[in-house]
Every structure is written in C-alpha cells, then in structure tokens.
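Please open the structure in your viewer and keep the sequence panel beside it, so that each selection in this tour can be followed step by step.

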Amino acid sequence: MTHSAIQVRQAVILAGGNATRLRPYTDRVPKALVDVGGKPILDHQLAWLAAEGIEHAVVSCGYRADALQRHLLGRTLPLEVTVVVEERRLGRGGGLKHAARALPMAAEPWLALNGDVVTRFSLAGLADRHADSGAAATLGIAALRSPYGIVDVGPDGRIQGFDAAPVLPHRVNAGVHLFAPETTALLPDLGDHESVTFPRLAAQGRLAAYEIDGYWRAIDSAKDLQEANRELKHLEWAA
C-alpha cells in the first residue's frame with residue numbers, strides 16, 4: 001500500500017446487473033462470482049482493495065443476490081464487507097447511490113468499482129490526481145484494445161501485415177471511479193450516472209481522468225473471460 005494526499009478507506013462494488021452477455025456462466029451466479037484465474041472476480045477485487053488500504057466495501061447486488069450472500073457468509077475476508085440488495089432495478093447510478101448510503105464514513109471520498117472489473121494498480125495515484133484536480137469525480141481510464149484484428153494496407157492497396165488485437169489511440173471508461181463525498185447527492189436515484197451525472201460534471205469542468213498504469217480487464221463476454229484466464233496465469237498476484 002502506498003500513501004496519498006487524501007486517504008481512501010471505503011468503496012462500493014456495483015454487482016447488481018443481469019450479465020446476460022456472459023451466459024451460461026451467469027445462469028446460477030452473478031457476474032461478480034464468475035471464476036477468473038481460479039477465483040471469483042469479487043475475490044480478486046476484495047484482495048486488491050484491502051492491499052490498497054480500503055477498510056470497508058459495500059457490495060450492491062440484485063441478480064442472484066442469494067448466491068453472492070452465500071459466497072460471503074462465514075468467509076474470512078480481507079476487509080469489512082456490507083451487502084445491500086436492490087429490491088427493484090435502480091440502474092447503475094441508482095445502485096451506486098443506494099449502496100453509498102451504507103458507507104460508514106459519509107464525509108470521506110469513496111471508490112466505485114464495476115463488478116466485472118479485474119484490475120491491479122496503485123490507488124495512491126488515482127487519489128493524488130483527484131486531490132490535485134479538485135474534481136467532483138475522477139474516472140480511471142484505460143487504453144482501448146481493438147476487439148478485431150487490424151489489416152495494414154499500404155498506399156498501393158496491397159496488404160502489408162496484420163495485428164491481432166492492437167491498442168488503439170483512444171481511452172475507455174475503466175469502471176473505476178473516485179468520488180468526492182458531496183458527489184453522492186448528484187447521482188440519480190434511478191438511472192445511469194454515466195449518461196446523467198458524468199456529462200453534467202464534464203460540462204462544468206468538474207470531471208477528471210486518471211490513466212490506469214497497471215493491469216485492467218473488464219469481463220463482459222465469454223471472449224473477455226478466456227483472454228483474462230490466459231493473462232492471469234502469468235501474474236503473481238492472481239495466484
């Protein structure tokens with residue numbers, strides 16, 4: 001764990017979606033419990049958060065909440081965990097706001113993490129960027145890797161080569177956000193913060209970005225799952 005100008009001690013993991021694009025892996029469990037590299041996504045996340053100094057995580061769940069609660073029950077966890085259940089679908093922004101109400105330190109910043117993200121990087125860098133920017137929220141961003149092979153065509157129209165999965169000159173929202181405590185009230189009660197809150201903050205100049213400088217992978221499809229399993233075989237922390 002490294003230190004920063006501001007201390008981030010709490011997090012929300014958003015694990016309430018139906019995960020239809022990962023079926024049949026999610027027929028009986030939520031996406032957060034899909035096995036990647038020998039352990040559920042959620043277990044990777046909790047281990048990373050604890051290693052970075054997070055003391056309390058609130059897990060927001062909906063689909064197959066019973067399976068997630070059983071998974072956590074009676075286990076020795078690396079940090080304190082509270083589970084909140086969406087009784088009705090609130091959308092991602094509503095789910096975050098609902099879960100944030102259960103955070104133990106309402107006056108402190110908090111991390112939000114999508115339930116399908118496996119990542120490892122220093123939260124101190126994200127926290128420093130957030131503190132320096134004075135933003136209401138700071139978004140982790142990651143390089144966009146093309147899901148398709150790229151064909152390199154020369155000026156004469158002849159193919160010169162191929163690139164199986166190149167990194168493109170664009171960045172994507174990595175599903176890892178750091179919120180100032182007062183930003184919780186700006187999240188929608190129902191709906192998606194990425195289409196409501198974030199564009200408003202960006203227009204006001206109150207949304208900062210931090211490029212993730214470590215491992216990052218969103219598990220959104222069977223192909224993502226296969227690639228993550230291959231990658232994690234070679235990473236010591238994933239063992």
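**First stop: a nonpolar patch**

Select Val-153, which is partly exposed, with a relative accessible area of 47%. This model is a predicted one, and that should be kept in mind at each stop. Val-153 lies in strand β9, and together with Val-151, Ile-159 and Phe-162 it makes a nonpolar surface patch of about 420 Å². To see where the patch comes from, colour β9 (150–153) and β10 (159–163), since each of these strands supplies at least two residues of the nonpolar patch.

**Second stop: strand β6**

Next, select residues 110–114, which form strand β6, a strand that is mostly covered, with five of its five residues buried. Which residues of β6 lie on one side, and which on the other? Trp-110, Ala-112 and Asn-114 are on one side, Leu-111 and Leu-113 are on the other, and all of them are buried, so that both faces of the strand are covered. This arrangement can be read alongside a general pattern: in a regular strand the side chains alternate between the two faces of the sheet.

**Third stop: the partners of β6**

Keep β6 selected and add strand β1 (residues 10–15), which runs parallel to β6 and is joined to it by four bridges. Within this pairing, Ala-11 has Leu-111 of β6 as its bridge partner. Now add strand β11 (residues 167–179), which is also joined to β6 by four bridges, although these two strands run antiparallel. Here, the residue to find opposite Ala-112 is His-177 in β11.

**Fourth stop: Asn-114**

Return to β6 and select Asn-114, which has its place in this strand. Is Asn-114 buried or exposed? Asn-114 counts as buried because its relative accessibility is 16%, and the cut-off for buried is under 20%. If residues up to four places away in sequence are set aside, the residues that Asn-114 touches are Leu-14, Gln-45, Arg-92 and Gly-175, and displaying their side chains will show what surrounds it.

**Last stop: Thr-26**

Finally, move to the loop between β1 and β2 (35–36) and select Thr-26, which is found there. Although it is placed in a loop, Thr-26 is buried, with a relative accessible area of 0%. Which residues does Thr-26 touch, not counting those up to four places away in sequence? They are Asn-18, Ala-19, Lys-31, Val-34 and Tyr-63, and showing these together with Thr-26 completes the tour.

Methods: Residues numbered from 1 in each chain as written. Predicted model: local features only at pLDDT ≥ 70, side-chain atom pairs only at ≥ 80, totals over all residues. Heavy atoms only, no water. Buried < 20%, exposed > 50% of the residue type's maximum accessible area, 1.4 Å probe, protein only. Pairing = 2+ DSSP bridges. Patch = residues over 30% accessible without salt bridge, like charges linked within 9 Å, V, L, I, M, F, W, Y side chains within 5 Å. Areas by Shrake-Rupley, 256 points an atom, 1.4 Å probe, with all protein chains shown as cover. Salt bridge = Lys/Arg side-chain N within 4 Å of Asp/Glu carboxyl O. Contact = heavy atoms within 4.5 Å.
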